[in-house]
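Take a look at the chain below. Start with the overall fold, then turn to single residues.

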Amino acid sequence: MNVAEQHDRQLDDLSAAPPAPDSPFAAYGLPGFAGLPPASAPPEPRPILELEHEEYEDELDALSDWVDDFLLRVYGAEVTTAAPWCEQWQEHEDVVAWLHALWLAYQQHKDAEAGLSGLFVWHRDFLTHGMATVRAAGGPLSACMTDPDRPAHRLLPGPRPSNRTTSAIEEPDEPEERGGHEESSEPGQASG
């Protein structure tokens, strides 16, 4: 009878809900340390372009260290017209965003939880595509350095806001009828 009761208790314990995750060891069925506050979850990473002021500068400094000390040293192939680079890449917002995303993916995939194939996945899915986009012949750095002996930096102008955006800001003098506007034969010239 005692053995049957022990088996029932063991079955109840095994079928019970797992312990609350207030302990860093709860996932392993171990108790936390008495008197210590529960471990807080690490902050969620945010895209660098959403950060402001000192937070942005700190993240850009850390990203620059990774790009200069690791990424370019290992993966910074020769600078050519087919693969331009810019020593002032931090001024190109789109490049900063791409490299920051690549760095976040690197941190995730080098972690032990990513498994043994984590870095292969990073190379295949992130590094190759990210560097090909950033360093494309017609990409964001195409007006910058294409020869290591001739450093260059130029920010390319982006597109203007769409007509819909600019027309919503401006108040028209007269109401326009939909579909009733006249087309001109030449762009920039009024028909008449």
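What follows goes from the whole chain to its helices, charges and a few side chains.

This is a predicted model. The protein chain has five helices and zero strands. Read from the N terminus, the order of elements is α-α-α-α-α. The chain holds 192 residues, and 20% of them count as buried. Its accessible surface comes to about 15,000 Å². Carbon and sulfur atoms account for 53% of that surface.

Next, the contacts along the chain. Take the contacts between residues at least 6 apart in sequence. Of these, 61% join residues at least 24 apart.

Now go to helix α2, which covers residues 53-75. His53 is found in this helix. What is the sign of phi at His53? The value is positive, near 50 degrees, and the residue is not a glycine. Is His53 buried or exposed? His53 counts as exposed because its relative accessibility is 68%, and the cut-off for exposed is over 50%.

Stay with the surface. Which residues form a negative patch there? Glu54, Glu57, Asp58, Asp61, Asp65, Asp68 and Asp69 make up this patch. Look at one of them, Asp68. Asp68 sits in helix α2. Its relative accessibility is 42%, so Asp68 counts as partly exposed. That value lies between the limits of 20% for buried and 50% for exposed. A patch residue needs over 30% relative accessible area, so Asp68 passes on that point.

Opposite charges also pair up in this model. How many salt bridges are there? The count comes to two. One joins Arg46 to Glu55. The closest N and O atoms of Arg46 and Glu55 are 3.7 Å apart. The pair still counts because the cut-off is 4 Å. Arg46 has a relative accessible area of 37%, so Arg46 is partly exposed. Glu55, at 43% relative accessibility, is partly exposed as well. Glu55 is not listed in the negative patch. Residues with a salt bridge are left out of patches by definition.

The other bridge links Asp125 with Arg124. Here the closest N and O atoms are 2.6 Å apart. Asp125 is partly exposed, with a relative accessible area of 37%. Arg124 counts as partly exposed too, at 47% relative accessibility.

Finish at His123. Where does His123 lie? His123 belongs to helix α4, residues 118-134. With a relative accessibility of 28%, His123 counts as partly exposed. What does His123 touch beyond its neighbours within four places in sequence? Its contacts there are Tyr75 and Thr128. Tyr75 falls at residue 75, where helix α2 ends. Another histidine, His109, is 14 residues away from His123 in sequence. In space, the C-alpha atoms of His123 and His109 are 9.5 Å apart.

To recap, the chain has five helices and zero strands. A negative patch includes Asp68, and Asp68 lies in helix α2. The two salt bridges are Arg46 with Glu55 and Asp125 with Arg124. His123 in helix α4 is in contact with Tyr75 and Thr128.

Notes. Residues numbered from 1 in each chain as written. Predicted model: local features only at pLDDT ≥ 70, side-chain atom pairs only at ≥ 80, totals over all residues. Heavy atoms only, no water. Patch = residues over 30% accessible without salt bridge, like charges linked within 9 Å, V, L, I, M, F, W, Y side chains within 5 Å. Areas by Shrake-Rupley, 256 points an atom, 1.4 Å probe, with all protein chains shown as cover. Salt bridge = Lys/Arg side-chain N within 4 Å of Asp/Glu carboxyl O. Lys, Arg positive; Asp, Glu negative; His and termini not counted. Charge placed at Lys NZ, Arg CZ, Asp CG, Glu CD. Helix = DSSP H or I, 4+ residues; strand = E, 2+ residues; numbered from the N terminus. Buried < 20%, exposed > 50% of the residue type's maximum accessible area, 1.4 Å probe, protein only. Contact = heavy atoms within 4.5 Å.
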